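Work through the following exercises with the sequence and the structure side by side. Try each task on your own before you read the solution below it.

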Amino acid sequence: MKRRTWPLRLGGALVVGLGCLVLGAPSANSQKPAGGNLDRYGGAAAKVEGILLGGWGSGMAREDREFRTTGDGSIRVETDGYYSGARVQYLQAKDLTAQKADAFGLIELTMRFKPGVIRQRRQQQLQQGGAGGLGGGPGGIGGAAGGIGGLGGFGGGGPGGIRSGSGLEGGASAGAGFGSGPGSGFGGIGGNSGFAGAGGPGGAMGDPGGFGPGGGFGGGVGSAQTISPDTRRLKVMLVCQEGTFVASNFPLVLQPSSEEGWFVVGVPFVAFKGLEKARSAHLREIRIFGDTKDTFWIGQIRTAVDDEPIQVEPLDDDQQAVVGEPIEFAAVATGGLSPLQYSWDFDRSDGIQEDAIGPIAVWVYNQASKDVPGSPGELQPFQVTVTVRDLGGAKKPALQTANVTINP
């Protein structure tokens with residue numbers, strides 16, 4: 001992976017080794033941006049950093065000494081939706097012209113979250129076998145293990161079945177809420193295990209956060225996670241001398257950090273509407289909002305270049321099912337900090353190029369495989385293709401194929 005990082009001024013001593021996504025090893029290609037040196041934020045006092053902290057609406061940003069990464073503290077952010085959040089003002093504008101012009105450029109946030117209160121309450125309900133949560137039926141006592149999935153939808157309890165609108169046990173839920181698969185909700189963040197029913201284990205490692213219906217965008221199945229924050233999406237505003245540019249409703253895809261309890265979130269410059277048309281960009285202020293009432297911490301803010309190619313692991317090949325039987329497909333992909341989009345084509349021959357989206361998909365074939373020409377009794381499998389792209393479209397898409405035979 002080639003990921004060059006340049007700290008923005010959000011502090012004191014900055015550990016260069018944080019330039020690596022997971023293990024913190026410094027990049028061999030680390031260099032200064034063409035636009036000149038940029039100040040950094042690593043947890044020093046606001047006066048030292050040359051910043052002012054404040055709030056927007058009922059939100060707030062303030063200095064905090066309880067949590068820190070490389071400095072003496074962090075920024076505590078209190079948000080209550082997309083109109084109440086944090087303001088970080090720079091006393092001197094920061095030139096982002098060179099960074100925003102790079103197709104692989106992004107804003108990198110090192111963040112810390114509280115365990116989600118909403119999800120904690122729901123987990124307790126499931127463990128007690130209580131009633132289903134928001135919009136759900138009764139919770140299943142002694143539910144079976146949750147299927148592969150993220151956090152599942154806020155539907156009823158019961159086992160995390162395929163296309164079932166199940167609760168937090170996981171599973172490819174088609175119910176409304178925070179479901180994965182072809183449902184209307186958002187995918188689970190970064191691979192948290194499904195919560196257990198009263199009598200069964202939790203689901204397998206889940207799919208990452210979604211972007212659009214069915215969790216279309218995410219980071220990669222099975223990313224290491226230890227918490228499930230209530231915040232699922234962000235709105236980030238870059239207030240520049242040239243104008244204000246907004247990345248709205250951006251999926252929160254958490255990547256591991258070298259600091260315990262902290263995660264790295266990348267927001268590509270291409271996600272900021274209108275920024276690509278600006279000839280220059282001189283940053284005066286960053287505003288950060290979450291999609292719900294929550295508190296989180298920011299330990300660092302910096303710009304980075306993430307040109308790690310997208311890679312997709314081979315799919316399970318030569319699967320078999322019968323007509324009308326649901327069959328589940330799962331893709332595991334990596335691509336640096338960039339949120340990824342998964343697109344599935346379950347029959348290469350039918351001319352339809354996208355049948356489902358998301359890292360985990362469930363499909364039902366309504367017709368059996370045809371006989372191989374000249375070989376009666378030998379079935380010709382359907383070819384399944386998953387194509388993975390990055391949100392910004394800067395990276396080369398990657399794909400994998402597999403065969404599935406459908407018996408009458």
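**Exercise 1: An open sheet**

Task: In this predicted model, find how E2 is joined to strand E5 (residues 85-95), and then place both strands in their sheet.

Solution. Begin with the pair itself: E2 and E5 run antiparallel and are joined by 6 bridges. A residue pair to look for within this ladder is Leu53, which stands opposite Val88 in E5. Strands of a sheet pair through backbone hydrogen bonds, and the pairing may be either parallel or antiparallel. Next, widen the view to the open sheet, in which 5 strands follow one another in the order E2-E5-E12-E8-E9, with antiparallel pairing. The strands at the edges are E2 (51-56) and E9 (243-251), each of which pairs on one side only. Finally, compare the directions of neighbouring strands in this sheet, which are turned against each other by 20° on average when direction is ignored.

**Exercise 2: The surroundings of Thr79**

Task: Decide whether Thr79 is buried or exposed, and describe what its side chain meets.

Solution. First locate Thr79, which is found in strand E4 (residues 74-80). Its relative accessible area is 3%, and because buried means under 20%, Thr79 counts as buried. Now turn to the polar atoms of its side chain: the backbone oxygen of Ser84 lies 2.7 Å from one such atom, and the backbone oxygen of Gly81 lies 3.4 Å from a polar atom of the same residue's side chain. Then look further along the sequence, where the residues that Thr79 touches include Phe289, Gly290, Thr292 and Phe296. Asp294 is also among the residues touched by Thr79, and Asp294 in E13 stands opposite Thr79.

**Exercise 3: Strand E13 and its partners**

Task: Explain why strand E13 (residues 293-306) is described as largely enclosed by the rest of the structure, and name strands that are joined to E13.

Solution. Start with burial: 13 of the 14 residues of strand E13 are buried, and therefore the strand is largely enclosed by the rest of the structure. Then follow the bridges, of which 6 join E4 to E13 in an antiparallel arrangement. Strand E6 (residues 105-113) also runs antiparallel to E13, and 9 bridges join these two strands. In the pairing with E6, Met111 stands opposite Ile298 in E13. To set this strand in context, note that the protein has 3 helices and 24 strands, and that 53% of its 408 residues count as buried.

Conventions: Residues are numbered from 1 along each chain as its sequence is written. This is a predicted model: local features need pLDDT of at least 70, side-chain atom pairs count only at pLDDT 80 or more; totals for chains, interfaces and linings use all residues. Side-chain values use heavy atoms; hydrogens and water are left out. Two strands pair if DSSP finds at least two bridges between them. Helices (H or I, at least four residues) and strands (E, at least two) are DSSP runs, numbered from the N terminus. Axes are lines fitted to C-alpha atoms, for helices over the stretch in contact, and angles run from 0 to 180 degrees between N-to-C directions. Buried means under 20% relative accessible area, exposed over 50%, partly exposed in between (1.4 Å probe, protein chains only). A polar contact is a pair of N or O atoms within 3.5 Å; within protein, one must be able to donate a hydrogen and the other to accept it, and residues adjacent in sequence count only if both atoms are side-chain atoms. Contact means heavy atoms within 4.5 Å. Lists of a residue's contacts leave out its neighbours within four places in sequence.
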